[in-house]
Each structure stands twice: as C-alpha cells, then as structure tokens.
Amino acid sequence: MTPADLALVLSDLVTALVERRRAAGAEVELTLPVEVSLERPKLREHGDWASSIALRLAKPLGGNPRAIAEELAAGLAEVDGVASAEVAGPGFINIRLDAAAAGALAKTIVEQGAGYGRSDSLAGAVINLEFVSANPTGPLHIGHTRWAALGDSISRVLRAAGAEVANEYYINDAGNQMQNFGRSVLAAAKGEPTPEGGYPGSYIADLAARVLEREPKLAELDDEVALHTATEIAYELQLGEIRASLERFNVHFDVWTSERRLHAKGDDGLSDIDTALARLRAQGHVYDADDAVWVKTTDFGDDKDRVFVRGNGVPTYFAADSALYLDKGDRGFKHKIYLLGADHHGYVHRLKALAGAAGDDPERDIEVLIGQLVSVNGARLSKRAGNIIELDDLQAWLGTDALRYTLARYPADSPLTIDPEILQRRGNDNPVFYVQYAHARTSAVARNAADSGVDRSAFAPELLEHETESALLGALQEFPRIVAQAAELREPHRVARYLEELAGLFHRWYDNCRVLPLGDEPVGELHRTRLWLNDATGQVIRNGLDLLGVSAPERM
C-alpha cells in the first residue's frame, strides 16, 4: 500500500464520517472529498505513517479532535493492509501497515523503474527557467558552476513533478563588455598590451591565436573591420567553449537567446526592444522625462522608476530585460524563474515590477532565486584567466559527480565552501561516495544473486518483517513525496539529503538481512523477495541521482 493509497482510504473514511454527521442533522461546512496528507513519524516505533486530519476536522465538525481521531482510527483498523491505527496526543493518528502491504512497494518500484518518483503534481505548469547566462567574454567560473548545477537540478525535479520546462541561457552579447572583449583579442593578435578596461588572462591570447588562424590578414584590415572581425570570431569561439563546458558538466539548455537579437531591427524597422516599449507604453506604464524614456516600476513595488532609453537614444539593460520577459510570455511561458548570483539582489524588485507592468501577477508569474557565493578550499586560480577558478579546472580536479552532488546538496541561499579533501575520499564522510557506494552495492548484490541462483521469480512481501526492512521500505515510500516537494519549493537539496538517509538505511539492512543463501541453504522465497527489495532500493537511488545530474555506478 503506497502513501497515496493510504491517503485515499483515509479521505474516504473522512467523507463517510462527515456524511454520518450530516445525516444526524449537523450542519457541516466542509467541501468533500477532503485532501489528506500523511507524514512519517519522527520515531519508527510510532508507526509507518501519521495524520493530523482529526485536528483539522475539529472546528468544521464541532467535535473533540481526539474523539474524531478515534472514530477514523477504528475505520482504518478494518482496512486490509493496515496492521494498526492508534490515537496519540490531542488527535494524531499513527498508522502501521502490515508487512505484506508495506513490502508490496518493492515490486511496484521495480516495475515502474525510472518512472518511480515521478508525479503530476505540477502538471499543466509551463515554466521558463533562466540560469547561468554568463557573458561570452571569458570561461565559466566557480559561481557559474553552482548556478549550473542548481538550475539544471531544479529543472529535473520540476519535470519529474509533471511540469513542462525550458532551460534558457540568455547570452549577454551586446554592450560595452563585448566591445572591450573584442578590443582585448585584437590587441593580443597584434602583440599589443591589454587596452584599458580590457580583459586580461592568457585565454585572450589563446583566442587571438585561433582568430588569426581563421583570419591571418587581420592586422592588414581597416581598424573598424579588424575589430569587428576579431570580436565576432572570438565571440563564436568563446561561446562554443561555454557550451562545451556545460555539456561536459551534464547541463543542457533548450534555448539560447542572444541579447543582440533583441536589439536587431526587423523588416518593419522595429526591434524587440522597440516593440516592448510600445506595449508597455500602451498599458500606461511609460513616461518621458529628462530626455529619457522611463517605466513606472514604482507602481509595482520597485524602489525607483527605471530608465528604458537613455537621453542619447541607447536602450538600457532593463530595456533588453523587458523585451526578453515579454518574449518569454509570447513563447507560451506563463511562469518564469530566474536563478541569479549573489550580486544581483537589486534585480528582484526590478524583475517583479517588470512582471506587473507587463500585466502579469508579480507574486505568481515570476520567481527570482538568489544564490549565494561558493568557494573551494585550496583551489588555484585559473592559469588562463588569472583571477577566477574555472569550471573546467574544477571538473578536471574533483569530477563532475562530486561537484554536481555537492553543489546541489545545499540550498541556493546558503554560502558554501567545498572541501576537496573530503570529496576525494572513498569513505562514509564523503556524501557522494556514500550514496554512490550504496548503489554499487545493490548492483553487486544483484550480480552475486544471479551467480547463486537467486532471482525474482517469487515475491512474498509478508516475509519482509525485519525492523531494517520496515525502515527501508518506509524510506522508499517517501521518494515520490520528496521529489514533489523539491519541485514545489525549488529545492533539489532535499533529494540529496533523502538519498543519504536512504543509503544509510540500505547499508544497515545489508548488514542484517541476507539476500544470498548461506552454505548449502536452499534458495527460498525470502531470498527472492529480498532481491526485489534490493533492486527497488537501487532503482530509487538511480532515480534520485539522475535528478541531480549524477551518475549511478555499478562498481566502485
């Protein structure tokens, strides 16, 4: 019996109770059916599941919550698969399943495979998730690494909860930074020093060398043409490196949107920015003052109105942000999520005000998640970039799995320091090793079982009576709820912490319950049933690691 099945049974019992009250003449203001939630008791001796539904029903039913709980518990006790239902405290119901009902989950998990843990809790949601969006003027660094891991994991749990999600990378390829980038590459190609405001680092020299391979006569070109050529080739090469770095980090983007496109004039002579301005003006949120064009974002909670077009006629970054926001809505994304770095707190009110000006609900249609800084003990600065720690260097040093797991293991809003010594250890104090080793152990058990003649030809869940089996099954039942909660709260670290708990329960089960027969002991139903539980655990660990973009090795 799954938690969903049990919640449905309890909801039916609540409906029957309400109908009895109404038949007796009571006026009950309650909409049926009542949604029932279950929780895992903090202490295993209190049972497999607990519900506080009686406390919620006390006011509409006008009764004592403990008496209501006792009535519901009596009904639960008659349900097949429920071993006991006891009332505790002011009206909590502690429910214990019998071994067969609890153990049946092992077969369900194996049969559902990669689908176990997925749900439709966010079905119908169409979400645009923007993250990383680094300037294409240099390699990705440690900050981008955290946003890449978190953003991709958030996307994975959202999809697992039934949402339709598009990962979007906004390429900031317009403005002064691109001009300075191009000037830096051109200077390096000519053997000149880095210009003022330019980009240092040997990666610029590397790009310059590759630009010269494409355009050997760069120095002979007119200055303006040479700058344009150097900028465009270097931009293409650097963006290609960024794409490759992210793919190696197991991060995929569905949409790459260029800021240049928003500035580009169409056949009608208008850019996306021009169109966005016209739409905001038509809605009454634009005014002209001091030779500039402004958007009245203070009407929607911003600390000041924002300039859309400067007095010199040049659109601001806010103008491009506005055009992109409206473009996302035109592409069918009702809900937009932005994952931004720690230095972008000022964007929160700005983007929410923009949503309001666009006619959306700032509290419902847009989320701005701010991530905190991350550092690595003992990490060397990039030899190529000079003043940053590069994603590629971190990946080569610590590995994709260790990085992805560690960065997804903590909430986005908590500062994080990575300890490389721990991540390189093959021991229980290394969380990613601990979880991956549990999966490798389930695979080893399955291989050894096959060699010993233990298969899944029989399944007798009522035999799974050991206390470690009850605890392991209870944790396996929790996985769908954990995934749905991680998606709802945009907190994939919940999956990581769950996997560590599950791994611990599996290791304890492994130490106490044998899948393989001892000596000349014949293979029995218990061995075969325990193999189902072993394989179910491996499947859940695999599913959970996949949500974090981490591999599940079969041997370690």
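This is a short tour of a predicted model, stop by stop, with a selection to make at each one.

**The whole chain**

Start with the full protein chain in cartoon view. You should find 19 helices and 13 strands. Along its principal axes, the C-alpha trace spans about 85 × 70 × 40 Å. Of the 556 residues, 52% are buried. If you switch on a surface, the chain exposes about 24900 Å², with carbon and sulfur atoms supplying 49% of that area. Contacts also reach along the sequence: among those between residues at least 6 apart, 70% join residues at least 24 apart.

**A three-stranded sheet and its helix**

Now select residues 49-51 and 82-88, which are β1 and β2, and add β3, residues 92-97. Together the three strands form an open sheet in the order β1-β3-β2, with antiparallel pairing. β1 and β2 stand at the edges with a single partner strand each, so one side of each has no neighbour in the sheet. From one strand to the next, the twist averages 20°.

Zoom in on the pairing of β1 with β3, which is antiparallel and runs over three bridges. Which residue of β3 stands opposite Ala50? Select Asn94 and you have it.

Next, bring in residues 3-23. This is helix α1, which lies across β1, β2 and β3 and runs at about 35° to β1.

**An enclosed helix**

Move on to residues 142-160, helix α5. At 1.5 Å a residue, its 19 residues should span 27 Å, and the C-alpha atoms at its ends are indeed 27 Å apart, so the expected and modelled spans agree. Is α5 mostly buried or exposed? Colour by accessibility to see: 18 of its 19 residues are buried, so the rest of the structure largely encloses this helix. After α5 comes Gly162, a residue with a positive phi near 100°.

**A hairpin**

Select residues 286-289 (β7) and 292-295 (β8), an antiparallel pair joined over four bridges. The two strands make a hairpin with two residues between them. Click on Asp290 in the turn: its phi is positive, about 55°. Then pick Ala289, whose bridge partner in β8 is Ala292.

**Asp272 and its surroundings**

Select Asp272, found in helix α10 (residues 272-282). Its relative accessible area is 29%, which makes Asp272 partly exposed. Show its side chain together with that of Arg261, and you can draw a polar contact of 3.0 Å between them. Leaving aside neighbours within four places in sequence, Asp272 is in contact with Arg261, Leu262, Ala264 and Ala323. For one more distance label, try the C-alpha atoms of Asp272 and Leu324: they are 52 residues apart along the chain, yet separated by 8.2 Å in the model.

**Last stop: Ser322**

Finish in helix α11, residues 317-330, by selecting Ser322. How much of Ser322 is accessible? Its relative accessible area is 0%, so this residue counts as buried. To see what surrounds Ser322, display Ala276, Leu280, Phe308 and Leu354, which Ser322 touches when residues up to four places away in sequence are not counted.

Technical notes. Residues numbered from 1 in each chain as written. Predicted model: local features only at pLDDT ≥ 70, side-chain atom pairs only at ≥ 80, totals over all residues. Heavy atoms only, no water. Pairing = 2+ DSSP bridges. Axes fitted to C-alpha atoms, helices over the stretch in contact; angles between N-to-C directions. Contact = heavy atoms within 4.5 Å. Expected span 1.5 Å × (residues − 1). Buried < 20%, exposed > 50% of the residue type's maximum accessible area, 1.4 Å probe, protein only. Areas by Shrake-Rupley, 256 points an atom, 1.4 Å probe, with all protein chains shown as cover. Polar contact = N/O pair within 3.5 Å; in protein donor to acceptor, adjacent residues only side chain to side chain.
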